Amino acid sequence: MEIGLKELDNQIMKMAELSKRAFELSTNAIEERRASELRDEVKEMVGKLGQLREEVNELALEIIARYQPVAKDLRKVKASLELSYAFFRFARYAYDALSAFARLESLGVKCEPKHFASLAPIVKSMIEGSIDALKNMDVLKAMKIITKDDEVDETYHSMLMDIIKNYENVPCAVVEALSIKFLERAADHSVQVASQVVFVVEGRYPE
């Protein structure tokens, strides 16, 4: 079982690093007005993460069926299923935002992604922090990520109200509203990653 658990850890961390790269590439492309140029590259990364997720799920189910793990080992296997989904969603939400801006570029519409550019670094730090907490099974760091959730929610709603009230360009308003929603959802998944760290180490989910 130890070999299987080690392979499961390796696959999860491979997904973590790939999802982080996909998120960073997407956000940079949006801010640099290169959404159309890099869209296919990010799409390929999302596809690879989908494949890895299937491999993680199959391996987790195999470990459960063959070895019937208990206690912390079982928690780790259970967490891997949640983690693989979260890492896939990091990249998928980033790709969805990238695609929205790429469509604007294809129409010749130029938008300043000011709210996206403001929120993206906050979410990026949460993603990176949650992955770091997972690498080190650091509960304190995981809890710090979890406490940022309310801040991101408040920032998102404030930005959304500004878009509703002040944007005159309808296409830009729609895309910015969609893109910051994708960021808010990615932040939610970083909280889920952090919560899994607490679950594996302490056997409980944070309140």
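# A tour of ring contacts, salt bridges and enclosed spaces

Select Arg89 and Tyr93 to begin: Arg89 lies over the face of Tyr93, at 4.5 Å from the ring centre. The model on screen is a predicted one. Keep Tyr93 in view, for this residue returns later in the lining of the largest cavity.

**Aromatic pairs**

Next, display the rings. Across the whole structure, a search finds four aromatic pairs. One of them joins Phe87 and Phe90, whose ring centres are 5.8 Å apart, with 55° between the planes, in a tilted arrangement. Both residues belong to helix α3, which covers residues 71-106. Phe87 and Phe90 are three residues apart there, so about one helical turn separates them. Are these two side chains buried or exposed? Phe87 is buried, and Phe90 is buried as well.

Now select Phe199 and Tyr205. Their ring centres are 4.5 Å apart and their planes meet at 5°; the pair therefore counts as stacked, as planes under 30 degrees apart do. The two partners can be taken in turn. Phe199 is buried, because its relative accessibility is 10%, and the limit for buried is under 20%. Tyr205, with a relative accessible area of 36%, is partly exposed.

Add Lys78 to the selection. Which ring does Lys78 lie over? Lys78 is placed over the face of Phe199, 5.2 Å from the ring centre. Phe199 thus takes part in a stacked pair with Tyr205 and also has Lys78 over its face.

**Salt bridges**

Turn to the charged side chains. Side chains of opposite charge can pair when their charged atoms come close. How many salt bridges does a search of the whole structure find? The search finds 13.

Select Asp9 and Lys76. Their side chains meet in a salt bridge, at 3.5 Å from N to O. This contact links distant parts of the chain: Asp9 lies in helix α1 (residues 2-31) and Lys76 in helix α3, 67 residues apart. Asp9 is partly exposed, at 32% relative accessibility. Lys76 is also partly exposed, with a relative accessible area of 25%.

Move along helix α3 to Arg92 and Asp96. A salt bridge of 3.2 Å, N to O, joins their side chains. The two residues are four apart in helix α3, about one turn of the helix. Arg92 has a relative accessible area of 29% and is partly exposed. Asp96, at 17%, is buried, since buried means under 20%.

Then select Lys124 and Glu128. The closest N and O atoms of this salt bridge are 2.7 Å apart. Both residues lie in helix α4 (residues 114-136), four residues apart, so the distance along the helix is about one turn. Glu128 is partly exposed, with a relative accessible area of 30%, and Lys124 counts as partly exposed at 23% relative accessibility.

To finish with the charges, select Glu17, Lys20 and Lys135 together; salt bridges link these three residues in a network.

**The cavity**

The structure holds one cavity of 30 Å³ or more. What is the volume of the largest cavity? Its volume is about 30 Å³. To display the lining, select Phe23, Thr27, Tyr93, Ala94, Ala97, Phe116, Phe182, Leu183 and Ala186. Helices α1, α3 and α7 (170-202) are the elements that give two or more residues to this lining. By class, the lining has eight nonpolar residues, one polar residue and no charged residue. Tyr93, the starting point of the tour, is among the lining residues, and its ring face is the one that Arg89 lies over.

**The pocket**

The last stop is the largest pocket, which holds about 180 Å³ of space. Select its lining: Leu8, Asp9, Ile12, Met13, Lys76, Ala79, Ser80, Leu83, Leu134, Lys135, Met137 and Val200. Which helices each supply at least two residues of this lining? They are α1, α3 and α4. The lining divides into eight nonpolar, one polar and three charged residues.

Several residues of this lining appeared at earlier stops. Asp9 and Lys76 line the pocket and are partners in a salt bridge. Lys135 is another lining residue, and it belongs to the network with Glu17 and Lys20.

Terms used
Residues are numbered from 1 along each chain as its sequence is written. This is a predicted model: local features need pLDDT of at least 70, side-chain atom pairs count only at pLDDT 80 or more; totals for chains, interfaces and linings use all residues. Side-chain values use heavy atoms; hydrogens and water are left out. Rings of Phe, Tyr and Trp (its six-membered ring) pair if their centres lie within 6.5 Å; planes under 30 degrees apart count as stacked, over 60 as edge-to-face and the rest as tilted. Buried means under 20% relative accessible area, exposed over 50%, partly exposed in between (1.4 Å probe, protein chains only). A charge sits over a ring if NZ of Lys or CZ of Arg is within 6 Å of the ring centre and within 35 degrees of the ring normal. A salt bridge is a side-chain nitrogen of Lys or Arg within 4 Å of a carboxyl oxygen of Asp or Glu. On a 1 Å grid over the protein atoms alone, a cavity is a set of points where a 1.4 Å probe fits but cannot get out, and a pocket is an open set with protein on both sides within 12 Å along at least five of seven lines; lining residues have an atom within 4 Å of a point. Grid points are joined across faces, edges and corners, and a volume is the space filled by probe spheres set on the points. Ala, Val, Leu, Ile, Met, Phe, Trp, Tyr, Cys and Pro count as nonpolar, Asp, Glu, Lys and Arg as charged, and the others, Gly among them, as polar.
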